[in-house]
Amino acid sequence: MGKGILEVQLIDAKGLASTDFLGDTDPYVLIQYRSQERKSSICRGAGQGSNPSWNETFKFVVHSPSGEHQHKLILKLMDHDTFTADDFMGEATINVMDVIALGMENGIGELRPCKHRVVLADGTYCGEIRVGVKFTTEMKEEEEEEELGGWKHSFRS
């Protein structure tokens, strides 16, 4: 059974629609992989609303996947509101099955940062988000340690 780390590099988004009637849109992203969820920082300020930039990396623990539906990253774009519930701005889904499979085979699998469509619940296009994904297998402790003459070498050079 393989295990590894899935790194998600959240770069930026473009062309997002404003959800606020008054004031600026303050977007952030909820990134979900299986039962794990991470939250980006909130982009505030003029011009950040429709074209936010995060440049953040998030890590998820991956155990050898079993079902195809579990190989998806879901990125929900939200607008932070101070006095009311946050507004849904759209979402993007990235299938990471091939990246994980490549990583299980070669030790590392990578999808360089590229654009993904952001859509509303009805499938309407509402912008794009740029994300990179990298999967690295974790070595077992026994494989990492070097044996010398039957003794495990305790120094790292």
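A salt bridge here is a side-chain nitrogen of Lys or Arg within 4 Å of a carboxyl oxygen of Asp or Glu. By that rule, Arg 112 pairs with Glu 110, with 3.7 Å between the closest N and O atoms. The model is a predicted one, so local features need pLDDT of at least 70 and side-chain atom pairs count only at pLDDT 80 or more, while totals for chains, interfaces and linings use all residues. Residues are numbered from 1 along each chain as its sequence is written, and side-chain values use heavy atoms, with hydrogens and water left out.

Six salt bridges turn up in the structure. For solvent exposure, buried means under 20% relative accessible area, exposed over 50%, and partly exposed in between (1.4 Å probe, protein chains only). On that scale Arg 112 is exposed at 60%, and its partner Glu 110 is partly exposed at 41%. Another bridge joins Asp 12 to Lys 14, at 3.9 Å from N to O. Asp 12 is buried, with 9% relative accessible area, whereas Lys 14 comes out partly exposed at 43%. These two residues also belong to a salt-bridge network that takes in Arg 130.

Then there is Arg 44, bridged to Asp 26 with the closest N and O atoms 3.9 Å apart. Arg 44 sits in the loop between strand 3 (36-39) and strand 4, and Asp 26 in the loop between strand 1 (3-14) and strand 2, so the pair ties together parts that are 18 residues apart in sequence. Asp 26 itself is buried, at 13% relative accessibility. As background, side chains of opposite charge can pair when their charged atoms come close.

Now for the strands and the helix. Both are DSSP runs numbered from the N terminus: helices are H or I with at least four residues, strands E with at least two. Two strands count as paired if DSSP finds at least two bridges between them. Strand 1 runs antiparallel to strand 4, with nine bridges joining them, and is also paired in the antiparallel sense with strand 8, over 10 bridges. Leu 6 has a partner on each side: Phe 60 stands opposite in strand 4, and Phe 135 is the bridge partner in strand 8. Strand 2 pairs with strand 5 (residues 72-79) through seven antiparallel bridges, among them a place where Tyr 33 stands opposite Leu 73. Strand 5 goes on to pair with strand 6 (residues 87-95), again antiparallel, over eight bridges; Ile 74 has Thr 93 as its bridge partner there.

Two rings carry a charge over them, meaning that NZ of Lys or CZ of Arg is within 6 Å of the ring centre and within 35 degrees of the ring normal. The charged end of Arg 38 sits over Phe 60, 4.7 Å from the ring centre. Lys 39 does likewise over the face of Tyr 28, at 4.6 Å.

Helix 1 (residues 97-106) has Val 99, Ile 100 and Gly 103 as its buried residues. Viewed down the helix axis, they fall within an arc of 95 degrees, so they line one face of helix 1; the arc is taken from the directions from the axis to the C-beta atoms. Counting heavy atoms within 4.5 Å as contact, these buried residues pack against strand 2 (27-33), strand 4 (53-63), strand 7 (108-119) and strand 8 (125-137). The face turned away from the buried side carries exposed Asp 98 and Glu 105. Right after helix 1 comes Gly 107, with a positive phi near 95 degrees.
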